[in-house]
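Hi,

Here is the structure I promised to pass on to you. Please have it open while you read, as my notes follow directly below.

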4 protein chains.
Amino acid sequence: MDTGEYTTAALADLFGVARSGAHRAVERERALKATTASTRHHEAGATETYYGHKMTDANLDFANLKALFINTTLTRSPGHSHTQLLVDVSASIMAKQGVAVDQFRAVDHPIATGIYPDMREHGWADDAWPDLFKRVRAADILVIAGPIWLGDNSSETKKIIERLYAHSSELNDKGQWLYYGKVGGCLITGNEDGIKHCASNVLYSLQHIGYSVAPQSDAGWIGEAGPGPSYGDVLEDGTRVGVDNEFTNRNTTFMTWNLLHLAKMLNSAGGFPAHGNQRSEWDAGQRFDFQNPEYRS
Amino acid sequence: MDTGEYTTAALADLFGVARSGAHRAVERERALKATTASTRHHEAGATETYYGHKMTDANLDFANLKALFINTTLTRSPGHSHTQLLVDVSASIMAKQGVAVDQFRAVDHPIATGIYPDMREHGWADDAWPDLFKRVRAADILVIAGPIWLGDNSSETKKIIERLYAHSSELNDKGQWLYYGKVGGCLITGNEDGIKHCASNVLYSLQHIGYSVAPQSDAGWIGEAGPGPSYGDVLEDGTRVGVDNEFTNRNTTFMTWNLLHLAKMLNSAGGFPAHGNQRSEWDAGQRFDFQNPEYRS
Amino acid sequence: MDTGEYTTAALADLFGVARSGAHRAVERERALKATTASTRHHEAGATETYYGHKMTDANLDFANLKALFINTTLTRSPGHSHTQLLVDVSASIMAKQGVAVDQFRAVDHPIATGIYPDMREHGWADDAWPDLFKRVRAADILVIAGPIWLGDNSSETKKIIERLYAHSSELNDKGQWLYYGKVGGCLITGNEDGIKHCASNVLYSLQHIGYSVAPQSDAGWIGEAGPGPSYGDVLEDGTRVGVDNEFTNRNTTFMTWNLLHLAKMLNSAGGFPAHGNQRSEWDAGQRFDFQNPEYRS
Amino acid sequence: MDTGEYTTAALADLFGVARSGAHRAVERERALKATTASTRHHEAGATETYYGHKMTDANLDFANLKALFINTTLTRSPGHSHTQLLVDVSASIMAKQGVAVDQFRAVDHPIATGIYPDMREHGWADDAWPDLFKRVRAADILVIAGPIWLGDNSSETKKIIERLYAHSSELNDKGQWLYYGKVGGCLITGNEDGIKHCASNVLYSLQHIGYSVAPQSDAGWIGEAGPGPSYGDVLEDGTRVGVDNEFTNRNTTFMTWNLLHLAKMLNSAGGFPAHGNQRSEWDAGQRFDFQNPEYRS
């Protein structure tokens with residue numbers, strides 16, 4: 001059982017947009033036509049310079065991209081995750097562009113604790129990570145979406161980062177670290193404090209292991225200081241907490257598009273350019289114009 | 001007086017490579033030929049795929065890029081800054097590629113404290129920031145290089161981040177935040193602890209205001225736990241602390257090249273792609289396929 | 001000129017309680033009688049166990065304590081500091097107990113940048129720190145109260161911490177680090193995010209240099225995610241932002257009393273107990289039962 | 001099976017000092033006599049002022065205190081934990097004073113993930129926390145000792161903090177939060193970077209939930225920047241990494257004694273003084289001289 005995970009198709013149903021697979025292109029076109037407000041820009045932008053070319057539909061076709069959202073809530077399915085609501089917002093924007101969106105809730109899986117790619121080789125009877133990691137490898141975009149507890153990332157967020165880090169000796173076929181060419185983002189929700197602190201750690205960790213980070217790749221929602229309702233909670237008056245927060249909505253939208261743009265850029269370039277950053281070359285003695293400051297004086 | 005700041009030409013002298021300006025291309029060629037070890041790769045790489053094309057000299061010609069290093073040491077010139085040594089390493093790699101390298105030491109300048117673009121309009125008699133900020137705007141690449149004090153960034157690092165942040169209401173001509181299309185990096189040195197903590201804050205801040213972050217954009221040197229010599233200090237046996245640290249040298253080199261690659265990519269694309277991330281459009285009502293999670297159920 | 005700084009007397013005026021100096025005890029008694037709501041507990045509590053003894057007025061007499069609040073806002077006087085409002089809340093509780101409350105706004109003073117006790121010995125023409133530091137030394141309680149910028153402490157907060165840290169080679173007459181026996185706290189205000197991140201750094205720094213930290217010594221106010229009004233701002237409907245926040249008020253109150261209790265405890269004990277923590281003894285070869293793990297096997 | 005956990009008796013065997021239980025006092029005396037180096041100070045200090053009294057053996061008798069070390073390594077027993085070596089150093093100093101030292105390795109136990117006191121009431125089949133929490137409650141001193149991964153605390157550290165935090169609605173019999181009167185510390189080991197960052201989060205979390213923090217309550221070991229051997233590893237030349245690090249040894253020793261002093265102080269006072277910090281009183285309307293800044297003007 002793998003509840004709490006939405007396929008692109010399920011997301012499309014939720015938000016009334018295109019399904020994944022063969023019908024994607026056709027349905028996407030239909031969806032775009034249907035949403036006149038949002039197509040206005042697509043048309044208006046047709047003469048804009050984009051990627052150094054005229055902006056055309058082709059340039060906004062992200063259909064070959066794959067994205068993975070890992071929800072690091074502490075609540076197992078089918079328990080409610082407030083963070084998931086924000087994941088849905090971002091994932092649905094991607095799905096509307098035809099991106100293949102994958103996701104899972106970390107705590108639903110028996111992910112072992114440790115710093116090796118497969119902890120079953122280190123005494124653990126069970127470890128879901130090796131299978132989950134295939135989905136990480138497949139994705140051009142990785143968004144870690146988690147809750148805030150006592151102002152910091154959850155233990156599930158940290159476990160995911162530890163397991164990502166465990167693959168640090170693996171290189172891609174250019175001799176770069178495995179995650180080069182991929183793009184990372186972050187979504188954080190909490191009652192009251194800590195988006196920036198949590199996002200800072202997530203984005204730092206991702207860039208440190210090789211992900212690229214697009215502008216404003218952190219988004220989230222928190223309420224006023226002190227305990228209080230969480231993102232999406234329904235209040236007595238029927239309104240839902242945070243969902244109309246202009247800042248949260250704008251940041252989530254901008255982050256999503258920035259992830260798409262940078263991922264497409266790197267994807268089109270065949271990955272992150274390879275020169276001066278290949279571990280294999282460095283180990284072989286290449287120094288890429290590095291000169292020791294010792295020689296200065 | 002503006003001691004402690006190196007021009008590209010001065011750097012070229014220091015490291016024996018090409019001068020900036022008209023002679024750059026010619027001298028760079030000569031320099032590359034002279035350094036046989038480093039040219040090996042340039043030649044070998046000539047057939048590699050790069051940016052989706054064959055790798056040619058043109059693809060590794062970063063001569064149109066501008067980089068700015070801000071050294072946020074607490075020590076005023078001509079006092080010695082250990083961090084500067086690491087700046088020199090990175091800056092010299094850039095200079096060798098013909099990048100126009102600019103830099104300044106923040107504490108040498110009367111930068112006012114505050115959160116407005118020009119604090120002279122807010123009661124300060126003096127404020128060097130407006131002039132320094134022109135150099136920030138001119139640079140495709142910004143590297144903040146600072147020391148660690150008590151495990152955290154220096155007050156000068158924070159002051160620079162505050163002043164960068166002060167321009168948050170300014171947009172570029174695409175309607176994006178001003179720093180979109182630029183690339184940020186970080187160099188940190190200290191006696192003993194805190195590269196990752198400090199770099200995390202610097203890189204987070206930069207991406208939050210619109211910079212893009214390339215893979216592994218944090219590099220630095222620290223010694224073993226406890227007080228001790230700083231980066232580059234000469235020991236009794238004549239060796240210099242840290243300068244042969246394989247990890248520091250590799251990370252500094254990789255960061256430098258990754259900054260160059262991503263900056264070139266964005267520069268070639270005419271900035272960060274503009275769709276879904278324009279503040280002006282959002283404020284005008286455009287929602288870029290954003291849909292409120294409220295509508296889900 | 002030293003605007004923006006309140007004496008105990010001024011605070012007493014603001015909040016209608018006792019003045020400092022000779023009249024303190026008498027006036028305090030009067031003030032306590034006058035505020036029936038708050039005296040209720042003093043009377044009710046008279047039979048509670050306190051410090052292992054019966055709770056008496058003597059035990060709640062903090063009149064021999066001195067407290068210093070350093071406001072690290074970026075705004076110079078007479079500019080408005082939102083953080084100051086929260087300082088006033090905490091300081092007035094202390095003043096009501098007869099504590100001698102001192103405070104200053106860091107940015108009002110020409111505090112030099114650097115890591116030495118007196119930067120005038122290191123090339124700076126001016127340095128207010130040596131005089132300000134006398135007030136730090138005099139205080140049993142130090143509260144650093146600052147704003148949040150981009151989720152982190154202000155450059156003024158960091159400068160104060162650097163200057164506190166600069167005295168790290170100084171010992172008290174027991175051979176302990178200078179700050180042993182003192183108690184540290186933290187107040188943080190911001191628009192939207194970062195109390196815990198900022199407080200974490202302030203409290204960590206204080207304990208690292210020798211301050212003791214009482215329970216729940218971080219308090220503050222932030223609003224919901226995104227830009228918005230600051231603490232104490234008056235809204236169109238006449239209400240003031242944050243001032244009725246139950247969490248902020250309770251935490252500020254609890255922090256204040258916890259600072260008082262721990263400071264009194266340490267003050268009564270003649271400082272932090274001296275054994276096993278004297279730098280001078282350690283340097284002389286004393287090891288206080290430390291045994292190297294090397295000897296384990 | 002609960003390997004990796006040392007009783008006071010086992011520690012005593014390891015370090016050749018007194019056993020717990022009935023023989024403690026006698027054996028401790030013998031041990032102290034046997035270790036002439038460390039007794040020198042005990043004797044010399046006999047005339048020092050301590051807790052406001054003459055320093056006597058009674059004042060350094062911490063035998064009624066209980067301490068708990070939680071090792072949050074990612075490595076399950078009997079796997080080697082480098083952090084454990086540092087735990088042993090601190091724990092053995094405590095054991096030599098007759099403190100009842102308890103400890104466990106978190107990852108050895110099936111501690112459920114979540115934010116409730118007993119996750120078995122929330123769908124988890126197994127949860128070791130309720131039993132482990134009894135040991136937390138019993139301890140006057142809690143030391144969280146963990147590794148650094150990617151510059152941050154381990155997922156096990158975060159899980160422990162989450163579970164401690166889960167008891168936030170529980171009060172002691174004074175109406176204070178449950179952890180009032182207890183003292184918290186932190187030990188961190190890693191290859192290269194992050195003691196302060198990790199300790200900052202641990203100590204912040206502990207004080208936020210009610211622990212008191214003594215001076216310099218963070219200690220640890222890290223090596224020079226970059227991958228390398230860990231604390232206690234045996235090098236080819238037979239030396240052991242880090243174990244002779246003066247800074248690590250001194251800080252660990254000082255932290256240990258400071259934990260003891262503050263715990264004894266609070267223990268002797270019957271807990272943390274109760275006035276101005278009782279949740280139950282606040283909820284009943286008592287305001288402890290708090291006055292809203294709204295009333296200032």
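In chain A of this predicted model, 66% of the 297 residues are buried, meaning under 20% relative accessible area with a 1.4 Å probe, counting protein chains only. The accessible surface of chain A is about 9,900 Å², by the Shrake-Rupley method with a 1.4 Å probe. Carbon and sulfur atoms hold 51% of that surface.

As for the fold, chain A has nine helices and eight strands; these are DSSP runs, with helices (H or I) of at least four residues and strands (E) of at least two, numbered from the N terminus. Take the contacts in chain A (heavy atoms within 4.5 Å) between residues at least 6 apart in sequence: 73% of them join residues at least 24 apart.

Now to chains B and C. A turn of 180° with a shift of 0.0 Å along the axis lays chain B on chain C with an RMSD of 0.0 Å, superposed by least squares on the C-alpha atoms of residues with pLDDT of at least 70 in both. The two copies are therefore related as by a two-fold rotation axis. Both copies use the same surface, with 100% of the contact residues of chain B recurring in chain C. Which residue of chain B comes closest to the rotation axis? That is B:Ser155, with its C-alpha at 2.3 Å.

Each side has a part in the contact: 25 residues from chain B and 25 residues from chain C. Together they bury about 2,200 Å², 64% of it on carbon and sulfur atoms; buried area is the accessible area (1.4 Å probe) lost on putting two parts together, summed over both. On the chain B side, B:Arg76, B:Trp149 and B:Leu150 lose the most area to chain C, together 28% of what that side buries.

Two salt bridges link chain B and chain C, each a side-chain nitrogen of Lys or Arg within 4 Å of a carboxyl oxygen of Asp or Glu. C:Lys158 and B:Asp152 meet in a salt bridge at 2.6 Å, N to O. The elements of chain B that give two or more residues to this side are β6 (152-153), α6 (155-165) and α7 (195-208). The largest share, seven residues, comes from α6(B).

Two notes on conventions. Residues are numbered from 1 along each chain as its sequence is written, while chains are lettered from A and ligands numbered from 1 in the order written. Local features need pLDDT of at least 70 and side-chain atom pairs 80 or more, while totals for chains, interfaces and linings use all residues, and side-chain values use heavy atoms, leaving out hydrogens and water.

Best wishes

Key:
Buried < 20%, exposed > 50% of the residue type's maximum accessible area, 1.4 Å probe, protein only.
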